[in-house]
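Here is a short report on one structure. Please look at the sequence and the fold first.

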Amino acid sequence: MLIREATADDWPRIWPFWHRVVAAAETYTWDPDTTEEAARALWMNPAKRVYVVEDDTNDTSTGDDTAAVVGSAYLTSNYGGPAARIANAGFMVDPDHGGRGIGRALAEHILAEAAAHGYRGMVFNAVVETNPAVRLWTSLGFTILGTVPEAFDHPRHGLVGLHVMYRAL
Ligand SMILES: CC(C)(COP(=O)(O)OP(=O)(O)OC[C@H]1O[C@@H](n2cnc3c(N)ncnc32)[C@H](O)[C@@H]1OP(=O)(O)O)[C@@H](O)C(=O)NCCC(=O)NCCS
């Protein structure tokens, strides 16, 4: 797989899995009905560095030699002014390609990028406590600073907490 900075042309290949993940309403605090235009404004925001994961196992059967985009992440400041060196990031892997190590590789890449760009720490503001990703973040050195109880109405688990997670860089 290849991880690189995204260009505007990548958006049409991010949107299908972005939509699928957000419409499932299990992991992100965005409106599950977010339109494509609003989603692009959120994810491809010029204030964010956006990355994509390309699957380099080329599928020649489609006759399309454009590599598939199987994941994306953003990196930005979590706060402004004197706190601008604390980062925030968001991650999405196409559910059809989940469980193959793409999320872990992307997270390791973003952590390295954040350190290289001078960030001193990274905060996740709202990690749904039932998200299997909590285990991934913990294994990468994040700790749970606190939990907002019963903040997130999960379609299967009902009201669950939102963790604030942090890692020094
Ligand atoms: C979280 C996410 C980015 C992980 O991507 P992924 O490519 O499936 O993850 P990986 O294959 O690299 O797995 C990483 C680890 O997380 C765990 N994990 C991740 N997703 C899991 C799932 N759905 N079920 C069980 N375990 C999971 C695995 O145990 C794995 O551990 P290992 O590396 O020790 O084997 C992806 O599931 C996703 O996009 N989810 C929806 C959006 C989301 O939740 N984003 C994060 C918001 S905080």
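The text below covers a helix pair, one residue in a strand, and the ligand shell.

This is a predicted model: local features need pLDDT of at least 70, side-chain atom pairs count only at pLDDT 80 or more, and totals for chains, interfaces and linings use all residues. Residues are numbered from 1 along each chain as its sequence is written.

**The helix pair.** Helix α1 (residues 11-24) packs on helix α2 (residues 36-43) at about 105°, and their axes are 11 Å apart. The two are therefore roughly perpendicular (angles of 65 to 115 degrees). From α1, the contact includes Trp11 and Trp15; from α2, it includes Arg40 and Trp43. Contact means C-beta atoms, placed from the backbone, within 7 Å.

**Val69.** This residue lies in strand β3 (residues 68-77). Val69 counts as buried because it has 21 C-beta neighbours inside 10 Å; the cut-off is 20 or more other C-beta atoms within 10 Å. Val69 touches Asp10, Arg13, Ile14, Val52, Val53 and Glu54, leaving out residues up to four places away in sequence. Ile3 is 66 residues from Val69 in sequence, yet 9.7 Å away in space, C-alpha to C-alpha.

**The ligand shell.** The ligand is surrounded by 19 residues, and the closest are Thr27, Gly98, Gly103, Arg104 and Pro132. Shell residues have their C-beta atom, placed from the backbone, within 6 Å of the ligand. Each element in the table supplies at least two shell residues.

| Element | Residues |
|---|---|
| β4 | residues 86-93 |
| α3 | residues 102-116 |
| β5 | residues 121-128 |
| α4 | residues 133-139 |

Notes. Axes fitted to C-alpha atoms, helices over the stretch in contact; angles between N-to-C directions. Helix = DSSP H or I, 4+ residues; strand = E, 2+ residues; numbered from the N terminus. Parallel < 35°, antiparallel > 145°, perpendicular 65-115°, else oblique. Contact = placed C-beta atoms within 7 Å. Buried ≥ 20, exposed ≤ 12 C-beta atoms within 10 Å, placed from the backbone.
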